[in-house]
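Here is a briefing on one protein model, written for a first reading. Keep the sequence and the 3D view open while you go through the points.

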Amino acid sequence: MESRNRCSVIIIGAGISGIAAARVLAKNGVEDILILEASECIGGRMKKHSFGGVVVELGAGWIAGVGGEKPNPVWNLAVESGLRTCYSDYSNARFNIYDRSGNIYPSGVASDAYKKGVDSAIRKLREDEPHNATTPETPIEKAIDFILHDFEMAEVEPISTYVDFGESEFLVADERGYEYLLYKVTEDFLLMSDGKILDDRLKLNTVVRGINQSTDGVTVTTEGGCVYEANYVILSVSIGVLQSQLISFNPRLPRWKIEAIEKCDIMVYTKIFLKFPYKFWPCGPGKEFFIYAHEQRGYYTFWQHMENAYPGSNMLVVTLTNEESKRVESQSDQETMKEAMGVLRDIFGPDIPEALDILVPRWYNNPYQRGSYSNYPIYADSQMVENMKAPVGRIFFTGEHTSEKFNGYVHGGYLAGLDTGESLLEKMKAEKDRETKNKTILQPLLAIPLPKTEVVGSLQKCDMHRRHFHDDCNRGLTEVTL
Ligand SMILES: Cc1cc2nc3c(=O)[nH]c(=O)nc-3n(C[C@H](O)[C@H](O)[C@H](O)COP(=O)(O)OP(=O)(O)OC[C@H]3O[C@@H](n4cnc5c(N)ncnc54)[C@H](O)[C@@H]3O)c2cc1C
């Protein structure tokens, strides 16, 4: 059991939001920080993996929202870091829809089904017309419904990312991985050498299991039994982890916080990579994405070839979501390969080669993720988001799920981290100012020749109590202070 000196702030989780928050603190003089990360590396849901001779992204793959009036901060980081990316053109996907016999739907049929899907989705969103929404029935309608709802489609609902930052998306295709951006953010406040973080303020393979707070500070306990103390904690774990029982809080989180966490939906999004000995799919312009229309909605629907990102890689990616993701996560990779090959034989015929290898990420079963990203339910209001983000006493919350405008995205995590770092700095400054003020009030009192312990003791105690109560009464720390 290890114990260490108290530091100013413990940051739990070294994904983009935790790292961004840590950087804000360090850059503003709060350098006695400690970052505790459950897995063996930083990055969280930005995770590269070597597969089939190239580097693929198991988690975030695209920089979404580029080319608009406002610059996307993650795009800026990518440009500064010289990250290799390629433009993704989804617009043709709807004209590459295959039926189960491998025929491409005529463009008129696809356009009509697409228009019907968009109209229905818009009606569903309109409070006064949800009953007019139609249920997708045919395979092509189901495929289009899947594309419209399980992928972000600006046509249906204005999405802040596209409205603010632009409608283009760029796929990261860089051997250093998307996570390289995080190392660039890290290098100006943590000690690094040869691209490796050597700073002992980052502790990897350290799973936090308990957070205890009092009016004086926070104690964090890890799976290995280590205990760390700090004045504050920034908690950047995913909404899936918050909904699980991985971390216990003492005192328990207040009801408004638990309700907000529980209300938030989690999207499971799985990219399955398949490596082939040679390519047998069309690769010309407008062919990067193709769709498979099946009676079962979401059954191996959305495909992409990797030829634009990595020419000669002979690789396909198919994306599954939610129930299909969970189903596939729970079966063997061989079974998944068999299903995927069945779909590809439907589309391209029986003579295509067997895949050489398959890679199936398991975000839902990962105890440090429990899903891919947050998805605010249709009935979510800004109070729910505010409550998800609001601090509870000395615990500050961050992560993509706390970004009202950009939840679900890398830039959402990044901006949330910056925001939480700034909020904590303000809180720390206010606390310091109060302490200075208290000292100036106490100093003349200390000079009065009365029994010292009684006067100072009662003044401090009373003042502390009131101070914390005023600070935290609306944010749930009443259990701690009273
Ligand atoms: C499959 C997939 C595809 C995606 N595609 C895109 C995309 O194309 N574009 C895009 O912009 N976004 C995409 N996203 C979303 C994006 O990856 C996330 O929004 C973003 O990376 C979240 O960052 P974060 O810091 O909030 O959380 P995380 O990256 O999850 O960081 C939280 C960290 O906390 C750690 N942790 C958890 N529990 C504990 C514990 N008990 N103790 C210590 N540490 C703990 C975790 O290991 C993790 O490192 C995708 C995500 C997934 C999974």
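The points below cover the ligand shell, the strands and sheets, and two pairs of packed helices.

The model is predicted, not determined by experiment. Around its ligand stand 41 residues. Its strands include an open sheet of six strands and an open sheet of three strands. Two helix pairs are also described, H3 with H4 and H8 with H11.

**The ligand shell**

- Of the 41 residues around the ligand, those that come nearest are Gly13, Gly15, Gly44, Arg45 and Gly413.
- Two helices, H1 (16-27) and H12 (410-447), each give two or more residues to this shell, and so do two strands, E5 (62-66) and E17 (269-275).
- Sorted by class, the shell has 21 nonpolar residues, 16 polar ones and four charged ones.

**The six-stranded sheet**

- Reading across this open sheet, the strands come in the order E7-E18-E19-E20-E17-E21, and their pairing is mixed.
- Which strands stand at the edges? They are strand E7 (97-98) and strand E21 (357-359). Each has a single partner strand, so one side of each is left without a neighbour in the sheet.
- E17 appears in this sheet and also gives residues to the shell around the ligand.
- Inside the sheet, strand E19 (residues 302-305) is paired with strand E20 (residues 315-321) in the antiparallel sense, over four bridges.
- In this pairing, glutamine 304 is opposite valine 317 of E20.

**The three-stranded sheet**

- The order of this open sheet is E5-E8-E6, and the pairing is antiparallel.
- E5 and strand E6 (85-87) are at the edges with a single partner strand each, so one side of each is left without a neighbour in the sheet.
- On average, and with direction ignored, neighbouring strands here are turned by 30° against each other.
- Four bridges hold the antiparallel pairing of E5 with strand E8 (residues 168-172).
- Tryptophan 62 has leucine 171 in E8 as its bridge partner.
- E5 is also one of the elements that give two or more residues to the ligand shell.

**Strands paired with E14 and E1**

- Strand E14 (residues 227-235) runs parallel to strand E1 (residues 7-12), and five bridges join the two. Here isoleucine 12 has leucine 235 in E14 as its bridge partner.
- Strand E13 (residues 218-222) runs antiparallel to E14, with four bridges between them. Valine 218 is bridged to alanine 230 in E14.
- How many residues lie between E13 and E14 in their hairpin? There are four, and glycine 225 in the turn has a positive phi of about 90°.
- E14 also pairs in the parallel sense with strand E23 (residues 395-397), over three bridges. Valine 233 is opposite isoleucine 395 in E23.
- E1 has a parallel pairing with strand E2 (residues 33-36) as well, joined by four bridges. The bridge partner of valine 9 in E2 is isoleucine 33.
- In a regular strand, side chains alternate between the two faces of the sheet.

**Packed helices**

- A pair of packed helices is described by the angle between their axes and by the distance between the axes.

*H3 with H4*

- Helix H3 (residues 107-125) packs on helix H4 (residues 139-150) at an angle of about 50°, and the axes are 9 Å apart.
- H3 and H4 are therefore oblique to each other, and their crossing is right-handed.
- Residues that make the contact include Val109, Ala110 and Ala113 of H3, and Ile140, Ile144 and Leu148 of H4.
- By class, this contact has nine nonpolar, two polar and three charged residues.

*H8 with H11*

- The axes of helix H8 (residues 255-263) and helix H11 (residues 382-389) come within 8 Å and cross at roughly 115°.
- H8 is therefore roughly perpendicular to H11, and the crossing is left-handed.
- H8 makes the contact with Trp256, Lys257, Ala260, Ile261 and Lys263, and H11 makes it with Met384, Asn387 and Met388.
- This contact has five nonpolar residues, one polar residue and two charged residues.

Key: Residues are numbered from 1 along each chain as its sequence is written. This is a predicted model: local features need pLDDT of at least 70, side-chain atom pairs count only at pLDDT 80 or more; totals for chains, interfaces and linings use all residues. A residue is near a molecule or strand if its C-beta atom, placed from the backbone, lies within 6 Å of it. Ala, Val, Leu, Ile, Met, Phe, Trp, Tyr, Cys and Pro count as nonpolar, Asp, Glu, Lys and Arg as charged, and the others, Gly among them, as polar. Two strands pair if DSSP finds at least two bridges between them. Axes are lines fitted to C-alpha atoms, for helices over the stretch in contact, and angles run from 0 to 180 degrees between N-to-C directions. Angles under 35 degrees count as roughly parallel, over 145 as roughly antiparallel, 65 to 115 as roughly perpendicular and the rest as oblique. A crossing is left-handed if the near helix is turned anticlockwise from the far one by less than a right angle, and right-handed if clockwise. Two residues are in contact if their C-beta atoms, placed from the backbone, lie within 7 Å.
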